[in-house]
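Subject: Handover of a structure and notes on its features

Dear colleague,

Please find below the structure that I am handing over to you. My notes on it follow directly after.

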Amino acid sequence: VIPAKVVVLERHDETVACPNDDTIVSAPVPAQIVERGKLSDALLVEAVADKYLDHLPVERQCARFARLGVDVSQTLGRGVCAALDLFAPVADLIATLTRGPGLLGTDASRIPILDPVDPAGIRSGTMWCWTNARWVSFFYAKAGDSQSVRDFLGDDLARTVQCDGTTVTTFLERHGGKRPGCWAHARRGFVKAARSGDAVALEVVRLIAPLFAIERAATRAGDTAVERRARRERDTRPVLDALRAYCDVQRDITPPSTPLGTALGYLHRQWNRLVLFVEDGNIEATNNRRERELRRLVLGRKNWLFTWLDVGAERTANILSILATCIAHDVNPRAYLHVLARLLVQGWPNARLRELLPDRILALHPELAVADDHDLALSG
């Protein structure tokens, strides 16, 4: 391990004057993320990656630099914001592709907003995570209501959107859309009841277990969507029939206010949504992927605690979209940010911005590819 060093580079620009008319000219200043800034682009990109990949708040980064004898406390935060604003058009394009044709999935989590105008000084916003195949887009909204879902989707509401049992997205069904449910959420209530000693809940957990085993077998076999649907019709359908029959009997004799009654009620209300995955091999059995994607936010939230106003939450959403999409496309996210920053600062045309997205950047920079899952875990 070679400890990092902070290197100061001085640039000396020659200034010359014409002896005939005293015209003074000098070399143009190279473009930077922060115009004429003291912190290099490489340092700012590293700071962005340290905060949003490794969850190291800017304040702690400043303290680390201070131990190296460098005071960046007055400039690092502003520089990181400038870098995030530079990346914003890329995040917007990712959002456009995420809401494009395909099967959507979503989940949401709270994000604290530091706001001096608020009586409490801090308020809560909502961070939605949306996925569509290998596209991941984080979307910030002041409130996690149905309007925030409309704001992301736009006018096309007849979509298939996988989510948990929230009522926020029920309006999609009224517009002709579908809402596949999540078996991880359905199972969770029974696990809670079983841990308190309920034998019936434990039996339900046992009956649900084959659903996950069938999905794992399909993944190991590399099933296509058509093959996965056939497997589900053959193997999953009988499991669901047995589970429904058992739960219907228990629901009639179980008080609804008990943990088991609550779990049975959720299963009953969500049943038609929970079985949609059998009809389409592209639909997942759970919404766990969205929960995994939201861990980037949750882990960061435990460290940097809050964002500054809504603009800070929007910047957080943008950078998380870029990093998550990189990882989904097996692109090294930290290295990608360095390449992206360099190209954008040098004036990459907006008309060709699509070429810089993670699914195409490897054509220009194959060195950004992650070699295997182990390397991906290290990079993400």
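**Overall architecture**

Of the 380 residues in the chain, 45% are buried. Please bear in mind that this is a predicted model. The chain contains 14 helices and 7 strands, and its C-alpha trace spans about 100 × 50 × 50 Å along the principal axes.

One pair of residues gives a sense of the distances involved. N20 and S73 are 53 residues apart in sequence, and their C-alpha atoms lie 47 Å apart in space. N20 is placed in the loop between β1 (15–17) and β2 (24–26). Is N20 buried or exposed? Its relative accessibility is 72%, so N20 counts as exposed.

**The largest pocket**

The largest pocket has a volume of about 1,000 Å³. It is lined by 32 residues, of which V7, K38, L39, S40 and L43 are the closest to its centre. Two elements, α1 (41–52) and α2 (58–67), give two or more residues to this lining. The largest share comes from α1, with 6 residues.

**The cavity**

The structure holds 1 cavity of 30 Å³ or more. The volume of the largest cavity is about 60 Å³. Which residues line the largest cavity? They are R244, C247, D248, R251, L264, L267, H268 and W271. Both α8 and α9 (259–274) supply at least two residues each to that lining.

**Salt bridges**

As general background, side chains of opposite charge can pair when their charged atoms come close. The structure holds 25 salt bridges, and I describe several of them here.

Two residues of the cavity lining, R244 and D248, also meet through their side chains in a salt bridge, with an N to O distance of 3.1 Å. R244 and D248 are 4 residues apart in helix α8 (residues 225–253), so about one helical turn separates them. R244 is partly exposed, at a relative accessible area of 24%, and D248 is likewise partly exposed, at 30%.

A second salt bridge joins R188 and E291, whose closest N and O atoms are 3.5 Å apart. This pair links distant parts of the chain: R188 belongs to helix α6 (residues 183–195) and E291 to helix α10, with their positions 103 residues apart in sequence. R188 counts as partly exposed at 40% relative accessibility, and E291 is partly exposed with a relative accessible area of 25%.

A third salt bridge is formed by the side chains of D359 and R354, at 2.8 Å from N to O. D359 counts as partly exposed, with 33% relative accessibility; R354 is also partly exposed, with a relative accessible area of 22%. Elsewhere, salt bridges that share partners join E46, D50, D54, R64 and R334 into one network.

**Cysteines**

How many disulfides does the structure hold? The number is 0. A disulfide is a covalent bond between the sulfur atoms of two cysteines, and a pair is counted here when the sulfur atoms are within 2.5 Å. The cysteine sulfur closest to that of C62 belongs to C81 and is 12 Å away, which is too far for a bond. Seen from C81, the closest cysteine sulfur is that of C62, again at 12 Å and too far for a bond. Their surroundings can be described as well: C62 counts as buried at 12% relative accessibility, whereas C81 counts as partly exposed at 27%.

**A nonpolar patch on the surface**

I122, L305 and F306 form a nonpolar patch on the surface, and together they have about 240 Å² of accessible area. Where is L305 found? It is in the loop between α10 (288–304) and β7 (307–308). L305 is partly exposed, with a relative accessible area of 47%. Helix α10, which precedes this loop, is also the helix that holds E291, the partner of R188 in the salt bridge described above.

With kind regards

Notes: Residues numbered from 1 in each chain as written. Predicted model: local features only at pLDDT ≥ 70, side-chain atom pairs only at ≥ 80, totals over all residues. Heavy atoms only, no water. Patch = residues over 30% accessible without salt bridge, like charges linked within 9 Å, V, L, I, M, F, W, Y side chains within 5 Å. Areas by Shrake-Rupley, 256 points an atom, 1.4 Å probe, with all protein chains shown as cover. Salt bridge = Lys/Arg side-chain N within 4 Å of Asp/Glu carboxyl O. Buried < 20%, exposed > 50% of the residue type's maximum accessible area, 1.4 Å probe, protein only. 1 Å grid on protein atoms, 1.4 Å probe; cavity = no way out; pocket = protein on both sides within 12 Å on 5 of 7 lines; lining within 4 Å. Points joined across faces, edges and corners; volume = space filled by probe spheres on them.
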